[in-house]
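Q: Could you take me through one part of this structure in close detail? I would like to follow the strand pairing near the end of the chain.

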Amino acid sequence: MTMEEAMRSRHTVRRYTDRKLPQAILEPLEGRVRRNNQEQGLAMRLVTENTEAFGPLLRLFLAKGVRNYVILAGRDRPGLDEAVGYGGADVMLYAQTLGLNSWWVGGTFRRKGLEKNAAPGAEKILGLLALGYGASQGVPHKSKTPEEVASYDGQAPEWFVRGTEALLLAPTALNRQAFTLRGEGRRVSLRCDNGRFSGVDLGIGRYHFELGAGKEPFDWV
């Protein structure tokens, strides 16, 4: 499965089976986390066979079977939220290529549990990415239309159309998809107005747009 195929097939899954992640999956997954830590300046960590990310009620009713997750964190600095969104999105879709399901959790986690298991340098924790073998494959989220989020000065090229479609596949907090995408020639701007989740959602959105459009045809402004 390619990353683009993973992007189109991935849906949020909140309940997981008790099947353990084999070493053949853990090794490349940990490598992907390390790579994004280096490239994006993050301190993410993969935690396995651990239930401390959620309280008892959430484990019983919402996050059933979640025992593997990536702590999304880094040193507190300008741009951290967007970097976490971008790097976390890469790990999320890479996990899908390995046959795993995922759930991006921005607020309903147990902070003490994450702090206990966080990597050195994880000064600011912005959420977690639950991973595992889902009890289901999830369902597509309700999506806005391209016209509601995007505009292009003139006839939109194919790469812009593909990028917009990919952007609308990105998970966002409360599924708001609060994006404003603008294009003119090679110049593309992306904004996100989703309150305290804006930076993370912007990073996830940028990653998805690049995956759909390709990095070569355009420049971010």
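A: Happily; here is a walk along strands S6, S7 and S8. This is a predicted model, in which local features need pLDDT of at least 70, side-chain atom pairs count only at pLDDT 80 or more, and totals for chains, interfaces and linings use all residues. Residues are numbered from 1 along each chain as its sequence is written, and side-chain values use heavy atoms, with hydrogens and water left out.

For the setting, the chain has eight helices and eight strands; both are DSSP runs numbered from the N terminus, with helices (H or I) of at least four residues and strands (E) of at least two. Two strands count as paired if DSSP finds at least two bridges between them.

Let's start with S6 (residues 179-184) and S7 (residues 187-192), which run antiparallel and are joined by six bridges. One place to look is Thr180, whose bridge partner in S7 is Arg191. The two strands form a hairpin with two residues between them. In that turn, Gly185 has a positive phi of about 60°.

S7 also pairs with S8 (residues 219-220), this time running parallel, through two bridges. Here Val188 stands opposite Trp220 of S8. S7 therefore has bridges to S6 and to S8.

Stepping back to the chain, 52% of its 221 residues count as buried, meaning under 20% relative accessible area (1.4 Å probe, protein chains only). Its C-alpha trace spans about 55 × 35 × 30 Å along the principal axes.

Technical notes:
Buried < 20%, exposed > 50% of the residue type's maximum accessible area, 1.4 Å probe, protein only.
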